[in-house]
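Open the model in your viewer and keep the residue selector at hand. The stops below go from one selection to the next.

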Amino acid sequence: MKQSDVAGLASLAEPTRRALYLYVRDQGTAVSRDEAAAGVGVPRHQAKFHLDKLVGDGLLEVEFARRTGRQGPGAGRPAKLYRMARAIAGARSTGQPVAEALDRAARDRGGELAGLARQEAGDDPSRAALLVAVRAALDEEGYQTRADPSGLTLANCPFHALAAEHTALICGMNLAIMEGLLDPLDALGLAPVLDPADGRCCVRLASAGGS
């Protein structure tokens, strides 16, 4: 397994890309660009951009085939079809370099979310304003934040369909995303904690000094 294949998982934090990936994954067969666009309700050009990005990240593969079954002259050009790449599994337990590549990509994504939150909160924001902006950024990613006495609960894992098969990989990636998010935002007084439980993300954001 190439490091780039695993690092590409972090790109699934983008909602449209994630939806297209899961759509292709769930079909069990190669699909066309038009089918994928219709399946997730996005324009064809937008689907093309994200599908090709998923190919570049090693998460999808391309094949060409004639969907009509016609052969010979006049049969038309083969259609470009997308299908799942080889299964990505066990990276954290079988290869430290692969785990490091994933952590690095996930932390970078978390840093991007921190930048978006800072931009939204404005210059010299209060802790409350920064927290609102962070929650908005996480909610946009699909984490569905909820305030609780010990910090923030992430009520949803955006990667739950993948986590069912690759639990350790996805939980580690979620933890790295949250570390990348919170490291530059120490004013929030929150720290990511790996705490798996049914019905929510395996990571929660605990108040400083909490558990």
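Select Asp148 and Gly151: Gly151, in strand 5, is the bridge partner of Asp148. This is a predicted model. Now extend the selection to strand 4 and to strand 5 (residues 151-154), which pair in the antiparallel sense over four bridges.

Next, show the whole sheet. Four strands make up this open sheet, in the order 4-5-7-6, with antiparallel pairing. At its edges are strand 4 (145-148) and strand 6 (190-194), each of which pairs on one side only. On average, neighbouring strands here are turned by 25° against each other, direction ignored.

Add helix 7 (residues 127-141). Helix 7 packs on the sheet and touches strand 4, strand 5, strand 6 and strand 7. Its direction makes about 140° with that of strand 4. Then add helix 9 (residues 167-182), which lies across strand 5, strand 6 and strand 7 and runs at about 170° to strand 6.

Stay with the sheet and pick Arg204 in strand 7 (residues 203-207). Is Arg204 buried or exposed? Its relative accessibility is 12%, so Arg204 counts as buried. Show its side chain together with that of Asp195: a polar contact of 2.8 Å joins the two.

Finally, move to helix 2 (residues 15-27) and helix 4 (residues 44-56), whose axes come within 9 Å and cross at roughly 75°. Helix 2 is therefore roughly perpendicular to helix 4. To see the contact, select residues including Leu20, Tyr21 and Val24 in helix 2, and Phe49, His50 and Leu54 in helix 4. The residues of this contact divide into seven nonpolar, three polar and two charged.

Methods:
Residues numbered from 1 in each chain as written. Predicted model: local features only at pLDDT ≥ 70, side-chain atom pairs only at ≥ 80, totals over all residues. Heavy atoms only, no water. Helix = DSSP H or I, 4+ residues; strand = E, 2+ residues; numbered from the N terminus. Buried < 20%, exposed > 50% of the residue type's maximum accessible area, 1.4 Å probe, protein only. Polar contact = N/O pair within 3.5 Å; in protein donor to acceptor, adjacent residues only side chain to side chain. Axes fitted to C-alpha atoms, helices over the stretch in contact; angles between N-to-C directions. Parallel < 35°, antiparallel > 145°, perpendicular 65-115°, else oblique. Contact = heavy atoms within 4.5 Å. Nonpolar A, V, L, I, M, F, W, Y, C, P; charged D, E, K, R; others polar. Pairing = 2+ DSSP bridges.
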